[in-house]
Amino acid sequence: MKTRCLTSFSAAAVLLIALTAPALAHHSTAIYSESPIELRGTVVEWKFTNPHCIIRLEVPNDKGQPVVWSLEGGNTAGLFRQGWTPATLKAGDKLVISVRPLRSGAPGGNYGNVRWADGKPVNPKSDQ
């Protein structure tokens, strides 16, 4: 009896690990550099969508030419709890954003510490 219970428990544990591994792999941040950079630019598009909210930000490169960065952030539920909504950002807004860029060198990354051009944090709950 003990052997049967132990076998059932072991099988259930293996199944649980197997089912959760893909979710953990999805949340890997290995594609991003550990060295954040600061981007100053203009919002092209704000996508308040799951699984991650996206800011498309036009940033001038070294030669002054515009490059659109695709920046991935948190999910809608997490940002909503902080006061963010689909109306928080709009095309034309000027921002300063801390970004962990893609290791590939493509214009994209994971964003955090979003601030208005004057340096004030984008903090929707403080605006209420």
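A polar contact here is a pair of N or O atoms within 3.5 Å; inside a protein, one of them must be able to donate a hydrogen and the other to accept it. Keep that in mind for this predicted model.

Q: Which residue has its backbone oxygen 2.7 Å from a polar atom of the side chain of Arg-115?
A: Arg-115 is found in strand 5, which covers residues 108-116. A polar atom of its side chain lies 2.7 Å from a backbone oxygen, and the cut-off for a polar contact is 3.5 Å. The residue that supplies this oxygen is Asn-113.

Q: Is Arg-115 buried or exposed?
A: Away from its neighbours within four places in sequence, Arg-115 is in contact with residues including Glu-38, Lys-94, Leu-95 and Val-122. Buried means under 20% relative accessible area. Arg-115 comes in at 12%, so it counts as buried.

Q: And Arg-40, buried or exposed?
A: Arg-40 is found in strand 1, residues 37-47. Leaving out neighbours within four places, its contacts include Glu-58, Pro-60 and Val-96. The bar for exposed is over 50%. With a relative accessibility of 52%, Arg-40 counts as exposed.

Q: What separates the C-alpha atoms of Arg-40 and Ala-117?
A: Along the chain, these two are 77 residues apart. Still, Ala-117 is on the contact list of Arg-40. Their C-alpha atoms are separated by 7.5 Å.

Q: How are the rings of Trp-46 and Phe-48 arranged: stacked, edge-to-face or tilted?
A: The structure holds 2 aromatic pairs, so let's start with this one. The ring centres of Trp-46 and Phe-48 are 5.8 Å apart, with the planes at 50 degrees. Planes under 30 degrees apart count as stacked and over 60 as edge-to-face. Because 50 degrees falls in neither group, the Trp-46 and Phe-48 pair is tilted.

Q: Which aromatic residue has its ring centre 5.4 Å from that of Trp-46?
A: In this pair, too, the planes sit at 50 degrees, so it is tilted. Trp-46 lies in strand 1 and its partner in the loop between helix 2 (76-81) and strand 4 (94-101), so the pair ties together parts that are 38 residues apart in sequence. Both partners are buried. The residue is Trp-84.

Q: Which residues form the aromatic cluster?
A: Trp-46 counts as buried at 11% relative accessibility. Phe-48 is buried as well, at 18%. Trp-46 pairs with Phe-48, and Trp-46 pairs with Trp-84. The one cluster they form is Trp-46, Phe-48 and Trp-84.

Q: What is the bridge partner of Glu-45 in strand 2?
A: Strand 1 and strand 2 (residues 54-60) pair in the antiparallel sense over 5 bridges. The two are joined by a hairpin through 6 residues. Opposite Glu-45, the bridge partner is Arg-56.

Q: Which residue takes a positive phi in the hairpin of strand 2 and strand 3?
A: Strand 2 and strand 3 (residues 66-72) pair in the antiparallel sense over 7 bridges, with Glu-58 standing opposite Val-68. The hairpin has 5 residues between the strands, and one residue there has phi near 85 degrees. That residue is Gly-64.

Q: In what order do the elements run from the N terminus on?
A: The protein has 2 helices and 5 strands. Of its 128 residues, 30% are buried. From the N terminus on, the order is α-β-β-β-α-β-β.

Definitions and conventions: Residues are numbered from 1 along each chain as its sequence is written. This is a predicted model: local features need pLDDT of at least 70, side-chain atom pairs count only at pLDDT 80 or more; totals for chains, interfaces and linings use all residues. Side-chain values use heavy atoms; hydrogens and water are left out. Helices (H or I, at least four residues) and strands (E, at least two) are DSSP runs, numbered from the N terminus. Buried means under 20% relative accessible area, exposed over 50%, partly exposed in between (1.4 Å probe, protein chains only). Contact means heavy atoms within 4.5 Å. Rings of Phe, Tyr and Trp (its six-membered ring) pair if their centres lie within 6.5 Å; planes under 30 degrees apart count as stacked, over 60 as edge-to-face and the rest as tilted. Two strands pair if DSSP finds at least two bridges between them.
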